[in-house]
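Subject: Structure handover

Hi,

Here is the structure for you to look over. My notes on what turned up follow below it.

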Amino acid sequence: MSTLAHTMMTAARSTDSGLAGPGELDRYPYAEAPVADRVGAPVWEAADPELGRVGRRAAGSRGRGLHGQLVQQLGQMIVSGDLGADRPLVPEEIGQRFEVSRTVVRESLRVLEAKGLVSARPNVGTRVRPVSDWNLLDPDIIEWRAFGPQRDDQRRELSELRWTIEPLAARLAAGHGRADVQQRLSDMVEIMAHAMGQGDALTYSRADAEFHSLLIQLAGNRMLEHLSGIVSSALQVSGGPVTGCERPTDAALGHHGRIVDALAAGDGTAAETAMRQLLIVHPEVERVVPAPREH
């Protein structure tokens, strides 16, 4: 059980290294915009006071130190609309507001640029980009949207995307005789069942995320596998039901078991049907996706 538990807790998730390449720090000079362009009160005045003093915050860093914390905080502020395109993001102001070095600020802006949230141009400065330019498949942006004003849209979009991805992955996975992966899927169902009996929602959710990630890997489609981080993010965000997988229920557990049985039997149709049934276990999702068709 302990070995499986360790495996279970390693759900796939893409992360940025956050390391600037040679010469890249100079892309974010401090004098980005004339003082005259800085209209209105500093945007930081409206920010949550708890976001200040990044170095003193232990939570939310994801093991990436000051740089990771600042990326998290600036990203949340951009996605929530607290930081907009009406004025440039001045690194000097950011450094003073959050009490971090210019290196931390520049590396953080570089990561946000890679996610499509900001752009840096000479004589213009660093500005927030429109939503259409954001990498909406980035796990961080998925999480920030799920906790911000766009939470309802984010949950609906995730549900619709999963409805497209996972039934197909289940059908394809039935054609791959990977006994080792199928055994791990079965192990995850056992862990989920045990966790549900113990009232351990955290262990249940981690095993659930591992189950869905493994299933997509088993499909043998590299493009689908690239999207596994989206599914993991969908299962990890909280604040309201996205699918029946989020809550430990007998119905959800039963559908997971039927998926495993269908894969073992090589029955792609049954695996696809069971996955569709799993994704509409919770009534909230029935508004988003159609009822499953019998094949």
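Glu272 has a relative accessibility of 9%. Buried means under 20%, so Glu272 counts as buried. This is a predicted model, so please read everything here in that light.

Which residue does Glu272 meet in a salt bridge? The partner is Arg171, with 2.6 Å from N to O. Glu272 sits in helix 12 (residues 268-279) and Arg171 in helix 6 (residues 151-173), so the contact ties together parts that are 101 residues apart in sequence. Arg171 has a relative accessible area of 33% and is partly exposed. That pair therefore joins a buried acid to a partly exposed base.

A second pair is Asp140 with Lys115. Their side chains form a salt bridge at 2.9 Å, N to O. This one also links distant parts of the chain, with the two positions 25 residues apart. Asp140 belongs to helix 5 (residues 139-146). Lys115 is in the loop between helix 4 (102-114) and strand 1 (118-121). Are these two residues buried or exposed? Both Asp140 and Lys115 are buried.

Next, Arg178 and Asp180. They form a salt bridge as well, and the closest N and O atoms are 3.2 Å apart. Arg178 comes out at 41% relative accessibility, so it counts as partly exposed. Asp180 is at 46%, so it is partly exposed too.

There is also a network. Salt bridges link Arg145, Asp153, Arg156, Glu157 and Glu160. How many salt bridges are there by this rule? The count is 14.

Now the chain as a whole.

- Secondary structure: 12 helices and 2 strands.
- Order from the N terminus: α-α-α-α-β-β-α-α-α-α-α-α-α-α.
- Burial: 48% of the 295 residues count as buried.
- Contacts: among those with a separation of 6 or more, 71% are between residues 24 or more positions apart.
- Surface: about 14100 Å² is accessible, and carbon and sulfur atoms hold 50% of it.

If you open just one site, I suggest the Glu272 and Arg171 pair, where helix 12 and helix 6 are tied together. Asp140 and Lys115 would be my next stop, with both residues buried.

Best wishes

How values were computed: Residues are numbered from 1 along each chain as its sequence is written. This is a predicted model: local features need pLDDT of at least 70, side-chain atom pairs count only at pLDDT 80 or more; totals for chains, interfaces and linings use all residues. Side-chain values use heavy atoms; hydrogens and water are left out. Helices (H or I, at least four residues) and strands (E, at least two) are DSSP runs, numbered from the N terminus. Buried means under 20% relative accessible area, exposed over 50%, partly exposed in between (1.4 Å probe, protein chains only). Contact means heavy atoms within 4.5 Å. Accessible areas come from the Shrake-Rupley method with a 1.4 Å probe; for residues, only the protein chains shown count as cover. A salt bridge is a side-chain nitrogen of Lys or Arg within 4 Å of a carboxyl oxygen of Asp or Glu.
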